[in-house]
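This report describes selected features of one protein model. The sequence and structure are shown first, and the findings follow under short headings.

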Amino acid sequence: MEKISRFTVWRILFPLLILSFYPVVSYGRSFVLFLSQDDINDITNSPDDIDPAHVDTAEWDEFGDTETKTDEELDPGSWRPILETDSDQVPRSDEDSLYYSGVSKMVSSASSGDERTMEEAASEIESSALAGNPHAQSALGFLYGMGQMRERSKAKAFLYHHFAAEAGNMQSKMALAYTYSRQDMYEKAVKIYAELAEVAVNSFLISKDSPVIEPVRIHNGAEENKEALRKSRGEEDEDFQILEYQAQKGNALAMYKVGLFYYFGLRGLRRDHAKALTWFLKAVEKGEPRSMELLGEIYARGAGVERNYTKAFEWLKLASKQQLYSAYNGMGYLYVKGYGVEKKNFTKAKEYFEKAADNDEPGGHYNLGVMYLKGIGVKRDVKLARKYFILAANSGQPKAFYQLAKMFHKGVGLKKNLPTATAFYKLVAERGPWSSLSRWALESYLKGDIGKAFLLYSRMAELGYEVAQSNAAWILDKYGERSMCMGGGGLCTDAERHQRAHSLWLLASEQGNEHAALLIGDAYYYGRGTERDFERAAEAYMHAKTQSNAQAMFNLGYMHEHGQGLPLDLHLAKRYYDQALEMDPAAKLPVTLALTSLWIRKNYADSFLVHLIDSLPDVFPKVEAWVEDVLMEEGNATILTLFVCLLTVLYLRERHRRQNAAAVGAAAPFHHPNENPPPPMLN
């Protein structure tokens with residue numbers, strides 16, 4: 001059973017019943033947001049009775065007059081100047097200089113574990129924050145939230161993030177929104193997430209969907225996620241080197257892919273718009289249509305070149321003639337805005353959007369939804385707009401989730417639902433420019449800079465990224481002292497690392513990570529990093545069980561069988577064991593052993609055998625430690641094999657001796673013990 005990682009071969013050599021008596025762990029699995037039929041049917045406003053004044057036109061106008069902005073403008077105070085040496089962002093004031101100096105020292109000390117440098121970094125950040133620099137206030141809130149060179153204080157962390165958010169720091173807004181959502185304060189959370197989602201949408205492409213650059217999960221359960229990491233090594237990746245070689249030899253498709261990787265920073269590459277532009281232009285010379293579309297995007301955004309909407313329209317038009325239907329979205333967008341064309345023309349815009357939609361292009365559905373929602377060039381129809389948004393969202397269009405979040409938020413077209421609106425806004429907001437932290441963290445991890453990776457994942461964890469929360473926790477558990485975890489007075493003690501890992505796993509479990517939920521259950525069950533609490537362990541396992549996790553079901557069955565944190569109930573225990581086997585057939589061995597234990601417990605209650613089974617949990621840790629420390633660590637598995645063989649030989653010899661003795665006994669005349677021997681025969 002791949003998921004039940006504790007059932008390894010060497011343990012089967014020991015009493016097999018042990019294997020069925022311990023809670024086990026699993027991998028994380030993302031949750032899925034969906035619309036219920038009740039949400040769709042229970043509409044507070046229909047297109048006929050809605051008051052046009054009910055919705056602010058600027059708020060709902062996706063095609064507003066605001067031009068696209070750079071990532072630096074969208075995410076002020078970003079750590080990009082420190083983490084990307086080729087960044088051209090220059091500090092604008094003495095406070096900015098002091099802030100970036102502090103961040104630079106903080107990142108450097110995270111790599112080296114230099115406590116003195118980290119203290120200097122914290123002091124500089126604090127001085128800049130007290131001088132009123134909002135970005136330094138955000139960083140100081142992070143230090144207080146982590147308890148890094150400052151005594152951990154959630155109150156101070158919240159206070160500094162509040163000040164920074166008020167002054168426009170986006171990362172502090174993410175931290176605040178996440179804090180409010182965890183406390184079910186949706187009125188406040190939804191307002192901030194809505195603003196962040198809008199900023200994120202402004203960073204998306206105008207014609208096609210941006211690639212979903214999800215933070216890479218560096219682990220699968222307790223093991224490193226080697227396959228995902230192999231694909232994220234950037235220019236050092238052998239597959240990328242082969243692709244680049246093919247591009248250099250004139251392969252148009254390879255040219256496009258290399259340009260795409262550089263433009264979006266995919267597969268662990270640093271974003272490089274200049275290289276992307278070069279490869280796209282070379283691919284266009286070979287007639288590659290998708291490069292034409294992305295050249296249109298580049299000129300529309302001014303990414304690495306001077307913004308030129310006329311050229312953008314020309315490239316998009318060329319791409320559309322090659323049956324690249326997503327290009328119609330960009331052309332329609334430019335007609336709505338009146339950029340690069342003679343004038344605004346909503347009729348033409350609608351025609352282009354319909355061409356894209358007729359060819360199942362999600363962006364076409366989305367743009368038509370915006371036109372009908374707003375009444376741009378068409379009669380306003382909220383129901384039809386909702387239909388288009390749902391079609392686009394079902395295809396993964398992130399902007400559609402943004403519009404559906406608005407509908408849930410305002411109660412327009414959908415029943416007002418702030419928790420759902422918050423979740424949808426968060427989904428979009430997490431794709432904003434600040435998500436670049438994930439790319440830098442992964443790059444550091446791949447280079448072996450564990451401390452720097454841990455610092456960056458910790459920053460993202462504070463912003464509410466579940467993958468970052470689990471990555472940071474896993475680094476603490478996996479690398480221990482190498483994580484360069486900093487506490488209030490220097491490097492973390494073992495207890496501080498366990499406590500911080502526990503906190504991070506707890507955050508991840510709240511967001512649906514079943515591996516984290518199982519680890520939290522284990523922490524409470526065994527008292528690791530927290531006080532032992534069977535009831536809270538059961539709650540955590542129950543949470544993982546809702547994700548249809550076989551191991552959680554097995555653990556709950558065990559707790560019902562022994563009355564630990566749950567009522568003693570052998571029938572429920574059997575039900576959970578059966579469900580575990582149903583969910584994962586590879587669990588047959590442990591479930592069979594557990595069911596055997598149940599049968600013995602039911603039919604031989606209070607017998608010696610039951611007491612023996614109940615004593616195994618006390619014996620198991622000692623056996624486990626002995627196997628890991630003596631046999632596995634020292635490579636003496638051969639000794640175990642020889643020992644087992646010796647026992648087998650002795651057993652066979654004893655069996656042979658007894659068989660011989662039995663044969664001799666059978667050949668001898670049988671005398672009853674009370675009988676006298678027969679009298680001798682007389683001659």
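## Disulfide

With a disulfide taken as a pair of cysteine sulfur atoms within 2.5 Å, the count comes to one disulfide. The bond joins C485 to C492, with an S to S distance of 2.1 Å. The torsion about this S-S bond is about -55 degrees, so the disulfide is left-handed. Both C485 and C492 are buried (buried: under 20% relative accessible area; exposed: over 50%; partly exposed: in between; 1.4 Å probe, protein chains only).

## Basis of the model

This is a predicted model, in which local features need pLDDT of at least 70 and side-chain atom pairs count only at pLDDT 80 or more, while totals for chains, interfaces and linings use all residues. Residues are numbered from 1 along each chain as its sequence is written, and side-chain values use heavy atoms, with hydrogens and water left out.

## A buried threonine

T422 belongs to helix α23, residues 418-429 (helices are DSSP runs of H or I, at least four residues, numbered from the N terminus). Its relative accessible area is 4%, so T422 is buried. Leaving aside residues up to four places away in sequence, T422 touches S181, Y186, A189, V190 and Y193 (contact: heavy atoms within 4.5 Å).

## A nonpolar surface patch

L646, L647 and L650 form a nonpolar patch on the surface, together offering about 270 Å² of accessible area (Shrake-Rupley method, 1.4 Å probe, only the protein chains shown counting as cover for residues). Patch residues have over 30% relative accessible area and no salt bridge, with nonpolar side chains (Val, Leu, Ile, Met, Phe, Trp, Tyr) joined within 5 Å and like charges within 9 Å. A salt bridge is a side-chain nitrogen of Lys or Arg within 4 Å of a carboxyl oxygen of Asp or Glu.

L650 is found in helix α34, residues 637-667. With a relative accessible area of 46%, L650 is partly exposed.

Conventions. Helix = DSSP H or I, 4+ residues; strand = E, 2+ residues; numbered from the N terminus.
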